[in-house]
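This report looks at the overall fold of one chain and then at the space enclosed within it. The sequence and the model come first.

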Amino acid sequence: MTSTAVTHKPVRWGRVALHVGCLAALLVMLYPLAWLLATSLKPADEVIASLDLMPSHLEWSNYKTALDGVNDVSIWRLLGNSLLIAGGAVLGNVISCSLAAYAFARLRFRFRGPLFAFMIATIMLPHHAVLIPQYIIFNQLGLVNTYWPLILPKFLATEAFFVFLIVQFMRGLPRELEEAARIDGCGPFRSFFQVVLPLTRPALITTAIFTFIWTWNDFFTQLIYLFDPDKFTLTLALRSFVDASSTSAFGPMFALSVIALLPIVLFFLAFQRFLVEGMASSGVKG
């Protein structure tokens, strides 16, 4: 009668420590979101005075106040304004940045290298450095207090980061596809729209996701150009709950913050797999 020895695999403490560290980092990153959700349901006297994460009782009236809107403007009007600006910015960046990227990645013209380097250098230019000149231009055109200053620049390929991102992706595409299209009689524009553009979908979706999130969360630029409450976005409406001269409604403000986060979360969850694919593919070749 033979006996077989049971072998036990040694515990890889390094991997265990890695998992514990990742879980700890995850808790740290999720705590602000949990605090926001809990605070949106706290009574007014507990928002600032209490350090407890969980409220003593759920104050659902905070969400009712937030859904009533601010400054006699309904929440649906605010949501529509935010979607209009974010949607216009996404459309503008996807169209203009893809066209500019195709020119730099595929076409041959004089000073292409210096122009591309100059465009990349604009990434280091602070947004506040060009804000005053842009405001003067839009003010002279009579476009201040409209949505055009927030949307129109996106149609001029002003986001160098997204141009660079799409250029990196297009450089990894085989040129044989365009050469075959050129043999069939396709010009540059037809090759772009029918051959290159469908293949750059991951990079375009990555551009759309980042543009949507950045535009949705933008507060400073919208504060500069928009004056009328009817034109306010959800981001600007949050400021209306904080008044230095009277009692601030922190509960409804945090409730509106949760509502403002929902479109971003849904948009990200819908296209997250394309985001990973686009970022990974855009860094393959440079």
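Helices, as named here, are DSSP runs of H or I with at least four residues, and they are numbered from the N terminus. With that numbering, α4 is the element that gives the most to the lining of the largest cavity, contributing three residues. The model is a predicted one, and the description below should be read accordingly.

The secondary structure of the chain consists of 14 helices and zero strands, so that the pattern along the sequence is α-α-α-α-α-α-α-α-α-α-α-α-α-α under the DSSP definition of these elements. Of the 286 residues in the chain, 38% count as buried, while the area that the chain exposes is about 17,400 Å², with carbon and sulfur atoms supplying 69% of it. When contacts between residues at least 6 apart in sequence are considered, 72% of them join residues at least 24 apart.

Turning to the interior, a search of the whole structure finds one cavity of 30 Å³ or more, and the largest cavity has a volume of about 40 Å³. Its lining is made up of S82, I85, A86, T215, W216, Q222, T233 and T235, and both α4 (75–106) and α11 (201–217) supply at least two residues of that lining. The classes of the lining residues are set out below.

| Class in the lining of the largest cavity | Count |
|---|---|
| Nonpolar | three residues |
| Polar | five residues |
| Charged | no residues |

Terms used:
Residues are numbered from 1 along each chain as its sequence is written. This is a predicted model: local features need pLDDT of at least 70, side-chain atom pairs count only at pLDDT 80 or more; totals for chains, interfaces and linings use all residues. Side-chain values use heavy atoms; hydrogens and water are left out. Buried means under 20% relative accessible area, exposed over 50%, partly exposed in between (1.4 Å probe, protein chains only). Contact means heavy atoms within 4.5 Å. Accessible areas come from the Shrake-Rupley method with a 1.4 Å probe; for residues, only the protein chains shown count as cover. On a 1 Å grid over the protein atoms alone, a cavity is a set of points where a 1.4 Å probe fits but cannot get out, and a pocket is an open set with protein on both sides within 12 Å along at least five of seven lines; lining residues have an atom within 4 Å of a point. Grid points are joined across faces, edges and corners, and a volume is the space filled by probe spheres set on the points. Ala, Val, Leu, Ile, Met, Phe, Trp, Tyr, Cys and Pro count as nonpolar, Asp, Glu, Lys and Arg as charged, and the others, Gly among them, as polar.
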